[in-house]
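This report goes through a protein model, from its overall layout to one site on its surface. Please look over the sequence and the structure before reading on.

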Amino acid sequence: MRTRVLPTRRRGRGDAFGRATEGIARAMGTPWFLIGLTLFCVLWMGWNTLSPKSWQFDSAAIGFTALTLVLSLQASYAAPLILLAQNRQDDRDRVQFEQDRQRAERNLADTEYLAREVVALRLAMRDMASKDFIRAELRSLLEELDRRDGDPEDLDDLDDRGHGLDRPVSRG
């Protein structure tokens, strides 16, 4: 973990600087930056080679020393800015990884819970009576009632539940 040397300031200012460094690092990684830098160097060298001596500010005879210093200065600032942007990206990746891990744990727990519920439902379904079982039981009860009464015409007097309409149901 990185330690802080300076006291932490408000979040807004530090974050603005971080966003700026990321913007610069992103811009330096584009083809347009390379094209622009190349055009800058070509113009610099062209101006200092082709213009009158009084207008030249960097001598080609000594290897464009000022251009070399400008490019060195640009590189000396570019490297730390790119590192700062990478550190911020690492921090974001770390947070994203932790959130993904927590989400995966929740999904696993939910999946395990649902699997247990499905197993419980399957077990409960095995204990439930099927339509065929209920029909067979009702047929056997009707046959038993037929044997008890002995007269199949008495079945017309039964209601939907097999109870007699004009007499109480005997339990036995």
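Of the contacts in the protein chain with a separation of 6 or more, what percentage comes from residues 24 or more positions apart? Such residues account for 45% of those contacts.

The model is predicted. Its protein chain has a mean pLDDT of 83, and 79% of the residues reach 70 or more. Confidence varies between the helices, and the two ends of that range are listed here.

| Helix | Residues | Mean pLDDT | Place in the range |
|---|---|---|---|
| H1 | residues 11-28 | 81 | lowest |
| H2 | residues 31-50 | 94 | highest |

As for secondary structure, the protein chain contains four helices and zero strands. Read from the N terminus, the order of elements is α-α-α-α.

The next point is burial and surface. The protein chain has 172 residues, of which 10% count as buried. The area exposed by the chain is about 14800 Å², and 61% of this area is supplied by carbon and sulfur atoms.

Which residues make the nonpolar surface patch of about 380 Å²? The patch is made by Phe-133, Ile-134, Leu-138 and Leu-141. One of these residues, Leu-141, lies in helix H4, which spans residues 131-149.

Is Leu-141 buried, partly exposed or exposed? Leu-141 counts as partly exposed because its relative accessibility is 45%, and that class lies between buried, under 20%, and exposed, over 50%.

Technical notes
Residues numbered from 1 in each chain as written. Predicted model: local features only at pLDDT ≥ 70, side-chain atom pairs only at ≥ 80, totals over all residues. Heavy atoms only, no water. pLDDT = per-residue confidence, 0-100. Helix = DSSP H or I, 4+ residues; strand = E, 2+ residues; numbered from the N terminus. Patch = residues over 30% accessible without salt bridge, like charges linked within 9 Å, V, L, I, M, F, W, Y side chains within 5 Å. Areas by Shrake-Rupley, 256 points an atom, 1.4 Å probe, with all protein chains shown as cover. Salt bridge = Lys/Arg side-chain N within 4 Å of Asp/Glu carboxyl O. Buried < 20%, exposed > 50% of the residue type's maximum accessible area, 1.4 Å probe, protein only. Contact = heavy atoms within 4.5 Å.
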